[in-house]
Amino acid sequence: MKYNSFAKIFSILFILTTVICAIGAPILYNQVRDVVFKLNLEKNQEQAERLATLASIDLEKGEFPDTVLSKIQNMLESTPQSAEHFACIIKDKNKVIAHPKPSDINKDVTGWTIANEIEVKTFTQSAGEGVPFGGIQTRLDGSQDVNYQVPISTQPWSVSVHTKLDLVDQQASFILGRIAWVVFPGLILMIIISSFFLTRKEERVDG
């Protein structure tokens, strides 16, 4: 009788906990994803500002634009980058003029858009305005990146740092999985302990 009472209480608590977790998990995932997105955007901003500053210093010292661009291209090719995360230089005529993957130089970015929580701009509009701008960049094929653009002084160029948006989802899922590995055993232990005490309480009431 005692075992049946414990099993009943355990089942009820387990079901209630499962329902609460099922409701709360999407909310928690969205919160984690928002944090991860902002961290990636801030990281891209820092990298874009650093590269823009380096290029601006050389240009302001009087170096020829082609020389500076060549230095940037060599830097991009020699720095470890990937398809998931990379920096490039955009010119205001909708062209990529420096890229870690040389075959992507002269790629036309007309029609691409970049959006933050307030506004949506064309990719090259945001690059050509001379004002730092970041958000979710969408290509014509529908693929999306976390993107931040910083203008380079004295030239109609902009540093553009990209991180695949899918990578943000993967990072958020990984963090949520780690949280689950820590929280789930604790919840089971709490359910067992609560079931035990509730069973004891029920027995005292019945007795």
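Start with one pairing: Gly-135 has Asn-147 in strand 6 as its bridge partner. That contact is one of six bridges between strand 5 and strand 6 (residues 144-152), and these two strands run antiparallel. Keep in mind that this is a predicted model. From here, let's look at the rest of the sheet, then a helix lying across it, a pair of rings, and a pocket elsewhere in the chain.

**The sheet as a whole**
- Strands 5 and 6 belong to an open sheet of seven strands, which goes in the order 2-1-7-6-5-3-4 with antiparallel pairing.
- Strand 2 (95-98) and strand 4 (120-122) sit at the edges with a single partner strand each, so each has one side without a neighbour in the sheet.
- Going from one strand to the next, the twist averages 40°.

**Strands 3, 5 and 6**
- Strand 5 covers residues 133-138, and besides its bridges to strand 6, it pairs with strand 3 in the antiparallel sense over three bridges.
- On the strand 3 side, look for Thr-113, which stands opposite Thr-138 in strand 5.
- The hairpin of strand 5 and strand 6 has five residues between the strands, and there Gly-142 takes a positive phi near 95°.

**Strands 1 and 2**
- Over at strand 2, three bridges tie it to strand 1 (residues 85-91), and the two run antiparallel.
- You can pick out two of the partnerships by name: Ile-90 goes with Val-96 in strand 2, and Lys-91 goes with Lys-95 in strand 2.
- Three residues lie between the strands in this hairpin, and Asn-94 has a positive phi near 65°.

**A helix across the sheet**
- Helix 2 (residues 65-78) lies across strand 1, strand 2 and strand 7 (157-164).
- Its direction is about 80° to that of strand 2.

**One aromatic pair**
- How many aromatic pairs does a search of the whole structure find? Just one turns up.
- The partners are Trp-112 and Phe-123, with ring centres 5.4 Å apart and planes at 50°, so the pair counts as tilted.
- Trp-112 is in the loop between strand 2 and strand 3 (113-115), while Phe-123 is in helix 3 (residues 123-128), eleven residues apart.

**The largest pocket**
- The largest pocket holds about 310 Å³ of space.
- Its lining is made of 16 residues, and those nearest the centre are Cys-21, Ala-25, Ala-180, Val-183 and Leu-187.
- Which elements give two or more residues to that lining? They are helix 1 (2-60) and helix 4 (165-206).
- Sorted by class, the lining has 13 nonpolar residues, three polar ones and no charged ones.

**Thr-17 and its contacts**
- Thr-17 is a residue of helix 1.
- Setting aside neighbours within four places in sequence, Thr-17 is in contact with Leu-187 and Ile-191. Leu-187 also appears among the residues nearest the centre of the largest pocket.
- Thr-17 and Asp-66 are 49 residues apart in sequence, and their C-alpha atoms are 63 Å apart in space.

Technical notes:
Residues numbered from 1 in each chain as written. Predicted model: local features only at pLDDT ≥ 70, side-chain atom pairs only at ≥ 80, totals over all residues. Heavy atoms only, no water. 1 Å grid on protein atoms, 1.4 Å probe; cavity = no way out; pocket = protein on both sides within 12 Å on 5 of 7 lines; lining within 4 Å. Points joined across faces, edges and corners; volume = space filled by probe spheres on them. Helix = DSSP H or I, 4+ residues; strand = E, 2+ residues; numbered from the N terminus. Nonpolar A, V, L, I, M, F, W, Y, C, P; charged D, E, K, R; others polar. Pairing = 2+ DSSP bridges. Axes fitted to C-alpha atoms, helices over the stretch in contact; angles between N-to-C directions. Contact = heavy atoms within 4.5 Å. Phe/Tyr/Trp six-rings, centres within 6.5 Å; stacked < 30°, edge-to-face > 60°.
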